[in-house]
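Work through the exercises below with the sequence and the model open side by side. Try each task before reading its solution.

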Amino acid sequence: MKKIEAIIKPFKLEDVKDALADIGITGMTVSEVRGYGRQKGHSELYRGAEYVVDFIPKIKLDIVILQEQTEVAIEAITQAARTGKIGDGKIFVSSVDHVVRIRTGETDEEAV
């Protein structure tokens, strides 16, 4: 099993969710996060005072899938989240050793 962590722009969430649903992936955890990379930050004006916004709002998706679904899921996320501009995000893939569904006690593939 694999865990995909994807950091995307907030307005791309529905597109990514739909793209994943189209390939049969319906479960995910969504978190509102803030961060920066090459985008750095930007300045904004509020009531006449300028201030720097260092951290940009993003969405983080956590998805645990079967290993066979990994490449298809990465492609779906990449295509749906891409704008072609800086700050489109990143995808991280890691291995998952064990999963337990709390309600039923099912483990590993059955729990995903």
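The exercises that follow treat a predicted model and cover its sheet, its helices and its salt bridges.

**Exercise 1. The sheet**

Task: Find the order of the four strands in the open sheet, and state which strands stand at the edges.

Solution:
- Step 1. The order is E2-E5-E1-E6, and the pairing is antiparallel.
- Step 2. Strand E2 (29-35) and strand E6 (89-95) each have a single partner strand, so these two stand at the edges, with one side of each left without a neighbour in the sheet.
- Step 3. From one strand to the next, the twist averages 20°.

**Exercise 2. Partners of strand E1**

Task: Locate the bridge partners of lysine 2 in E5 and of isoleucine 8 in E6.

Solution:
- Step 1. Strand E1 (residues 2-8) pairs with strand E5 (residues 56-65) in the antiparallel sense over seven bridges.
- Step 2. Within this pairing, lysine 2 has isoleucine 65 as its bridge partner, and glutamate 5 stands opposite aspartate 62.
- Step 3. E1 also pairs with E6 in the antiparallel sense, over seven bridges. There, glycine 89 is the bridge partner of isoleucine 8.

**Exercise 3. Faces and helices**

Task: Sort the residues of E1 into a covered and an uncovered face, and state which strands helix H1 and helix H2 lie across.

Solution:
- Step 1. In a regular strand, side chains alternate between the two faces of the sheet.
- Step 2. On E1, the covered face holds Lys2, Ile4, Ala6 and Ile8, while Lys3, Glu5 and Ile7 make up the uncovered one.
- Step 3. Helix H1 (residues 13-22) lies across E1, E2 and E5 and runs at about 15° to E5.
- Step 4. Helix H2 (residues 70-81) lies across E1, E5 and E6, at about 5° to E1.

**Exercise 4. Salt bridges**

Task: The whole structure has six salt bridges. For lysine 12, glutamate 14 and arginine 101, name the partner and decide whether lysine 12 is buried or exposed.

Solution:
- Step 1. Lysine 12 pairs with aspartate 15, the closest N and O atoms being 3.5 Å apart. The relative accessibility of lysine 12 is 12%, so this residue counts as buried, whereas aspartate 15 is partly exposed at 37%.
- Step 2. Glutamate 14 pairs with lysine 17, with 3.7 Å between the closest N and O atoms. The two are three residues apart in helix H1, so about one helical turn separates them. Glutamate 14 is partly exposed at 45%, and lysine 17 is partly exposed at 36%.
- Step 3. Arginine 101 forms a salt bridge with glutamate 106, where the closest N and O atoms are 2.9 Å apart. Arginine 101 is partly exposed at 27%, as is glutamate 106 at 32%.

Note on methods:
Residues numbered from 1 in each chain as written. Predicted model: local features only at pLDDT ≥ 70, side-chain atom pairs only at ≥ 80, totals over all residues. Heavy atoms only, no water. Pairing = 2+ DSSP bridges. Axes fitted to C-alpha atoms, helices over the stretch in contact; angles between N-to-C directions. Contact = heavy atoms within 4.5 Å. Buried < 20%, exposed > 50% of the residue type's maximum accessible area, 1.4 Å probe, protein only. Salt bridge = Lys/Arg side-chain N within 4 Å of Asp/Glu carboxyl O.
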